[in-house]
Amino acid sequence: MFPNYMGEEVHILGAGLSGLAAATILARSGREVHVHEVREDSGARFDGDFQGIENWTSEQDFFEELEIWGLDSREFKSDSFDIVDLIHPDDVITNPKTDGVAFRVVERGTAEHTIDQGFKRMALSSGVKIHYGVKRSPEECLIVAAGPKESSAVAFGEIFETSHRNMVAFQLNDKLAPGAYSYMIIIDGVGLICTCLWRKQRKSGRYLNETIAWYEGKYDLGRKPIKRVGGKGDFGLPTKYVHEGRYYVGEAGGLQDFMWGFGMRYAITSGVLAAKAVIGECDYEKEVRSRLVPLVKASAINRFMMNRIGDRGFKMVANQWMRDQRRKGDGLAFMKWLYQPGFLRKALWPIVKIGMLRKRVLSDGRVVHRMPFRKALGRDEWEQGDRAQEIAKEWKEAQRSGANLSFSESEA
Ligand SMILES: Cc1cc2nc3c(=O)[nH]c(=O)nc-3n(C[C@H](O)[C@H](O)[C@H](O)COP(=O)(O)OP(=O)(O)OC[C@H]3O[C@@H](n4cnc5c(N)ncnc54)[C@H](O)[C@@H]3O)c2cc1C
């Protein structure tokens with residue numbers, strides 16, 4: 001019924017989560033699979049930063065989904081959370097919580113316990129051949145899993161040693177994280193404070209310094225900086241997910257969460273779906289459009305609204321979240337609601353498309369409606385506080401002693 005590439009070698013561009021998920025499933029079905037990766041290892045795009053795998057875009061627990069696909073979540077370290085410190089723009093802290101798993105924290109990078117290395121191990125043990133340090137073009141591959149190309153938003157973070165207990169805090173704050181949010185994740189004595197910039201800034205370091213100063217003032221961290229990390233997100237909706245016979249998965253296919261940037265689940269899911277399509281078990285275009293595109297569109301509509309509100313709007317969002325928690329006794333219900341298409345969101349879609357996205361023809365011929373990196377606003381100009389200036393100096397000092405910076409402003 002569907003095209004089946006039995007007997008042919010399958011070439012995949014990119015050994016990130018989407019490419020490795022696809023490769024593993026294909027190799028297990030008997031195909032000869034080659035993955036081409038420009039970097040020296042899987043996860044090398046990241047450098048030990050923590051990321052959250054959300055559990056709110058489907059009724060099914062994501063790790064149960066992995067199990068159904070034959071992907072083993074025990075291959076990498078993860079920590080489950082049912083509660084978060086929600087920091088309102090006026091510094092009030094409340095706690096949305098749920099009875100099950102709200103999200104899991106995993107580490108990205110090249111260390112053995114990272115999710116990237118876990119997926120690499122699954123691919124290798126299934127017989128996949130991964131070629132590192134090799135740059136290929138999309139035209140040479142059946143599955144394009146090459147990650148983000150351009151920047152619609154960036155995140156900058158600092159990893160540090162801390163004696164604080166494990167926790168996750170999520171802060172809605174338009175000054176510290178223009179148009180977005182900051183977060184702090186602490187796992188087993190290592191912390192990450194990260195700020196996301198959804199409006200492009202000069203001297204982005206000051207946002208991170210001020211954010212660190214904020215968290216230090218609220219939590220007893222005993223922070224010792226280790227390194228600084230970061231990366232970009234590329235948000236866009238292509239008109240097709242299969243183009244000239246090639247399957248576009250993960251962020252290369254625009255499968256990203258416009259609202260918060262939680263792209264890992266979309267990456268893995270789309271990789272699995274593309275593999276199933278290559279085996280002949282489904283129609284990738286149809287599956288992506290029914291399972292993932294409605295979520296991506298809902299997140300884009302939410303992002304459009306987030307772009308229009310400042311701290312006053314963020315406060316309303318935080319209050320609404322807590323009202324929902326009190327009414328339903330489940331903090332996850334609000335996050336699930338955010339991703340429901342609903343009548344109002346559907347009605348807003350044409351306005352969002354015109355108001356927020358720009359049509360682009362990419363070098364491989366695909367047409368994408370991209371979200372450009374928004375310009376800074378007047379309110380983004382402010383002087384760093386005293387503690388933030390000290391933190392900036394401390395970081396310069398740490399760099400002189402060899403502390404690493406994995407992502408700089410010029411890469412955004
Ligand atoms: C700072 C930061 C924080 C984030 N936090 C979260 C979070 O908390 N939760 C979440 O769910 N998501 C988060 N994300 C998003 C998430 O990391 C991505 O959406 C996800 O990793 C995308 O996976 P992918 O397989 O599509 O792409 P990638 O992981 O980028 O993999 C693509 C691979 O292709 C390779 N490649 C590119 N071009 C070529 C080429 N020409 N030839 C060969 N190889 C090539 C790249 O080197 C890369 O290894 C975050 C992203 C950043 C940057």
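Strand 14 gives the shell around the ligand its largest share, four residues, in a structure that is a predicted model. Strand 14 covers residues 224-233, and at least two shell residues also come from each of helix 1 (17-28), strand 2 (33-37), strand 3 (50-54) and helix 5 (264-279). Of the 35 residues around the ligand, the ones that come nearest are G16, G147, G231, G250 and G263. Sorted by class, the shell around the ligand holds 15 polar, 12 nonpolar and eight charged residues.

Two of the elements that supply this shell, helix 1 and strand 2, also belong to a β-α-β unit, which is best followed from strand 1. Strand 1, residues 10-13, runs parallel to strand 2 and is joined to it by four bridges. Within this pairing, V10 of the chain is found opposite V33 in strand 2. Between the two strands the chain passes from strand 1 through helix 1 to strand 2, and the β-α-β crossover made in this way is right-handed. Strand 1 is also joined to strand 9 (residues 143-144), by two bridges, and these strands too run parallel. Here I12 has I143 in strand 9 as its bridge partner.

How are helix 5 and helix 6 arranged relative to each other? Helix 5, which was met above as a supplier of at least two residues of the shell around the ligand, packs with helix 6 (residues 284-291) at an angle of about 150°, and the axes of the two helices lie 9 Å apart. Angles over 145 degrees count as roughly antiparallel, and therefore helix 5 and helix 6 are roughly antiparallel to each other. The crossing that helix 5 and helix 6 make is right-handed.

A further part of the model is an open sheet of three strands, in which the order is 15-19-18 and the pairing is antiparallel. Strand 15 (236-238) and strand 18 (358-361) are the edge strands of this sheet, since each of them pairs on one side only. From one strand to the next, the twist averages 30°. Looking at one of the pairings in detail, strand 18 and strand 19 (residues 367-370) are joined in the antiparallel sense over four bridges, and the bridge partner of K359 in strand 19 is H369. As a general point for reading both kinds of pairing, the strands of a sheet pair through backbone hydrogen bonds, either parallel or antiparallel.

Methods. Residues numbered from 1 in each chain as written. Predicted model: local features only at pLDDT ≥ 70, side-chain atom pairs only at ≥ 80, totals over all residues. Near = placed C-beta within 6 Å. Nonpolar A, V, L, I, M, F, W, Y, C, P; charged D, E, K, R; others polar. Pairing = 2+ DSSP bridges. Right-handed = clockwise from strand over helix to strand, strands pointing away. Axes fitted to C-alpha atoms, helices over the stretch in contact; angles between N-to-C directions. Parallel < 35°, antiparallel > 145°, perpendicular 65-115°, else oblique. Left-handed = near helix turned anticlockwise from the far one by under 90°.
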